[in-house]
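Let's take a walk through this structure together, one stop at a time. Keep the view handy and turn it as we go.

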Amino acid sequence: MRYDLVIFDNDGVLVDSEPLSNRILAGYLTELGHPTTYEESVRDYMGAALHRVHDVVLERSGRALPADFDDVFHARVFEAFERELRPVDGIAQVLEKLDADGVPYCVASSGSHERIRVGHRAAGLTRYFDEARLFSSQDVGRGKPAPDLFLHAARSMGVAPERCVVVEDSPLGVQAAVAAGMDVVGFVAMTPAERLGPHTTALYGHPSELPGLLT
């Protein structure tokens, strides 16, 4: 077995949430007087915890986002999830294969625990991830691109970082995995290969390619 643990990012890797959440984020920021296009949201915030949105907006505009920003944003995202969210095409078959082969896996996401659970329920992935295999940036002091979240997940699962592989679709997530000393496989569905950088161990364009890269 090539790895002792597969760590999946959530948004964009397991659930097809990035188009939905970035559309909503861009619209909400624009509504608050911080004009943001969908493309800018993907470029600046994809893969990051919400504190990055606060930090970037404050740095660029000198104005803090409203105190209820996170609550309002999450409410809008969760409503969209319930209506529209789907799993990434082919990812359920990957999880089934890992289960059949006895390969341990978990999820480590910049999103909150609630966001992960709502997304998994809407996308039909709940049965693959119990609470013991679900890790959020809420669990650590710093989100991606810091390595803290991935290191926390590996430590909780009892696996050394060098025996882990991370499946990511954002430059921030790739940076975090590399900083954690882990191999990283990059999903190029929404992010061009050149933006994921030269530090990925491998790249894939469809989940059907993943089993051969992970085991």
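Start with helix H2, which covers residues 38–45. Four of its residues, Ser41, Val42, Asp44 and Tyr45, are buried. What do the buried residues of H2 pack against? Their partners are H1 and H3. Just past the end of H2 sits glycine 47, whose phi is positive, at about 90°. One thing to keep in mind as you look around: this is a predicted model.

Now follow H1 over to another of its neighbours. H1 takes up residues 18–31, and it packs with H4, residues 69–84, at an angle of about 145°. The axes of these two helices are 10 Å apart, and H1 goes past H4 in a right-handed crossing. On the H1 side, the contact is built from Leu20, Ser21, Arg23, Ile24, Leu25, Tyr28, Leu29 and Glu31. H4 brings Phe69, Val72, Phe73, Arg76, Val77, Ala80, Phe81 and Glu84 to meet them. Sort the residues of this contact by character and you get 11 nonpolar, 4 charged and 1 polar.

Between H3, which spans 50–61, and H4 there's a loop, and glycine 62 lies in it. Is glycine 62 buried or exposed? Its relative accessible area is 58%, so glycine 62 counts as exposed, the cut-off being over 50%. If you'd like a feel for distance, look from glycine 62 to glutamate 131: they're 69 residues apart along the chain, and 39 Å separates their C-alpha atoms.

Glutamate 131 turns up again at our next stop, as one of the residues that histidine 113 touches. Histidine 113 lies in helix H6, residues 113–123. With a relative accessibility of 16%, histidine 113 counts as buried, because the limit for that is under 20%. Leaving aside residues up to four places away in sequence, histidine 113 also touches Leu134, Phe135, Ser136, Gln138 and Asp139. With aspartate 139 there's a polar contact, side chain to side chain, at 2.8 Å.

A little further along, find the loop between strand E3 (134–136) and helix H7 (148–157), where proline 145 is found. Check the peptide bond that leads from lysine 144 into proline 145: this bond is cis, with omega near 20°.

Next, go back toward the beginning of the chain, to strand E1, residues 5–8. Leucine 5 belongs to this strand, and at 0% relative accessibility leucine 5 is buried. Which residues does leucine 5 touch, not counting those up to four places away in sequence? They are Pro104, Tyr105, Cys106, Ala154, Met157, Val159, Arg163, Cys164 and Val165. Proline 161 makes a nice example of how the chain folds back: leucine 5 and proline 161 are 156 residues apart in sequence, but 9.0 Å apart in space, C-alpha to C-alpha.

Two cysteines appeared among those contacts of leucine 5, Cys106 and Cys164. A disulfide is a covalent bond between the sulfur atoms of two cysteines. How many disulfides does the structure hold? The count is 0. For cysteine 106, the nearest cysteine sulfur belongs to cysteine 164 and is 7.6 Å away, whereas a disulfide needs the sulfurs within 2.5 Å, so cysteine 106 is in no disulfide. Cysteine 164 is in no disulfide either. Both cysteines are tucked out of reach: cysteine 106 is buried at a relative accessible area of 0%, and cysteine 164 is buried with 0% as well.

Terms used: Residues numbered from 1 in each chain as written. Predicted model: local features only at pLDDT ≥ 70, side-chain atom pairs only at ≥ 80, totals over all residues. Heavy atoms only, no water. Axes fitted to C-alpha atoms, helices over the stretch in contact; angles between N-to-C directions. Left-handed = near helix turned anticlockwise from the far one by under 90°. Contact = heavy atoms within 4.5 Å. Nonpolar A, V, L, I, M, F, W, Y, C, P; charged D, E, K, R; others polar. Buried < 20%, exposed > 50% of the residue type's maximum accessible area, 1.4 Å probe, protein only. Polar contact = N/O pair within 3.5 Å; in protein donor to acceptor, adjacent residues only side chain to side chain.
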